[in-house]
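Visitor: Could you walk me through how to read the features of a model like this?
Guide: Gladly; let us look at it together.

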Amino acid sequence: MVESFEGNLLRWLPVTITFDPVKFTLYPKLSVFDLTTDVPAEGGKSAMKIGYSRPRLSAFGLMRDVHSLDLKNTEKVTFAIRSDKTGTFLANLEKLNKARYQAQFSVTPNLWQKIE
């Protein structure tokens with residue numbers, strides 16, 4: 001379990017990047033960055049809720065440091081996601097030895113989806 005969202009601390013770092021011109025921003029202005037009790041049926045008590053704008057030629061991301069977690073016997077990553085808009089998303093995990101695992105997925109608006 002990387003995150004249960006059952007505490008009052010959000011350990012996720014929001015980032016944006018624009019491509020024309022190229023600019024990387026930590027902690028961009030967000031309309032919402034909070035916890036909510038609107039959770040998936042098999043979920044816990046809380047979920048993270050993010051509201052952000054995404055201008056043309058830009059991307060938004062969330063980063064979470066898992067360096068201190070023991071993931072050596074981990075076989076898969078599973079999480080639930082819901083979006084107000086249709087979109088293509090990317091989940092990325094980078095190991096200390098720089099090996100990367102990426103998964104691209106799409107979501108249906110307003111529907112909790114389990115991603116493995």
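What follows is a short conversation about salt bridges, a surface patch, a pocket and some backbone details.

Guide: A word on ground rules: this is a predicted model, where local features need pLDDT of at least 70 and side-chain atom pairs count only at pLDDT 80 or more, while totals for chains, interfaces and linings use all residues. Residues are numbered from 1 along each chain as its sequence is written, and side-chain values use heavy atoms, with hydrogens and water left out.

Visitor: How many salt bridges does a search of the whole structure find?
Guide: In general, side chains of opposite charge can pair when their charged atoms come close. The criterion is a side-chain nitrogen of Lys or Arg within 4 Å of a carboxyl oxygen of Asp or Glu. Here the search of the whole structure gives six.

Visitor: Which parts of the chain does the bridge between arginine 82 and aspartate 38 link?
Guide: Their side chains meet at 2.7 Å, N to O. This pair links distant parts of the chain, 44 residues apart: arginine 82 is in the loop between strand E6 (79-81) and E7, and aspartate 38 is in the loop between E3 and E4. Strands (E, at least two residues) are DSSP runs, numbered from the N terminus.

Visitor: Are these two partners buried, exposed or partly exposed?
Guide: Buried means under 20% relative accessible area, exposed over 50%, and partly exposed in between (1.4 Å probe, protein chains only). Arginine 82 has 34%, so it is partly exposed; aspartate 38 has 32% and is partly exposed.

Visitor: What is the distance between arginine 100 and glutamate 94 in their salt bridge?
Guide: Their closest N and O atoms are 3.1 Å apart. Arginine 100 counts as exposed because its relative accessibility is 55%, whereas glutamate 94, at 35%, is partly exposed.

Visitor: Which residues are joined into one network by salt bridges that share partners?
Guide: Start with lysine 114 and glutamate 116, whose side chains meet in a salt bridge at 3.7 Å, N to O. Shared partners then join Lys76, Lys114 and Glu116 into one network.

Visitor: Which residues make the nonpolar surface patch?
Guide: Patch members have over 30% relative accessible area and no salt bridge; like charges are joined within 9 Å, and nonpolar side chains (Val, Leu, Ile, Met, Phe, Trp, Tyr) within 5 Å. Areas come from the Shrake-Rupley method with a 1.4 Å probe, and for residues only the protein chains shown count as cover. In this model Leu69, Leu71, Val77, Leu93 and Tyr101 form a patch of about 390 Å². Tyrosine 101 belongs to strand E8 (residues 100-107) and is partly exposed because its relative accessible area is 45%.

Visitor: What lines the second largest pocket?
Guide: On a 1 Å grid over the protein atoms alone, a pocket is an open set of points where a 1.4 Å probe fits, with protein on both sides within 12 Å along at least five of seven lines; lining residues have an atom within 4 Å of a point. This one has 15 lining residues, with Thr16, Thr18, Thr25, Pro28 and Pro55 nearest its centre. Strands E1 (13-19), E2 (22-26) and E5 (58-63) each supply at least two residues of that lining.

Visitor: Where is the cis peptide bond?
Guide: The bond from aspartate 20 to proline 21 is cis, with omega near 0 degrees. Proline 21 sits in the loop between E1 and E2. For another backbone detail, tyrosine 27 has a positive phi, near 50 degrees, in a residue other than glycine.

Notes
Helix = DSSP H or I, 4+ residues; strand = E, 2+ residues; numbered from the N terminus.
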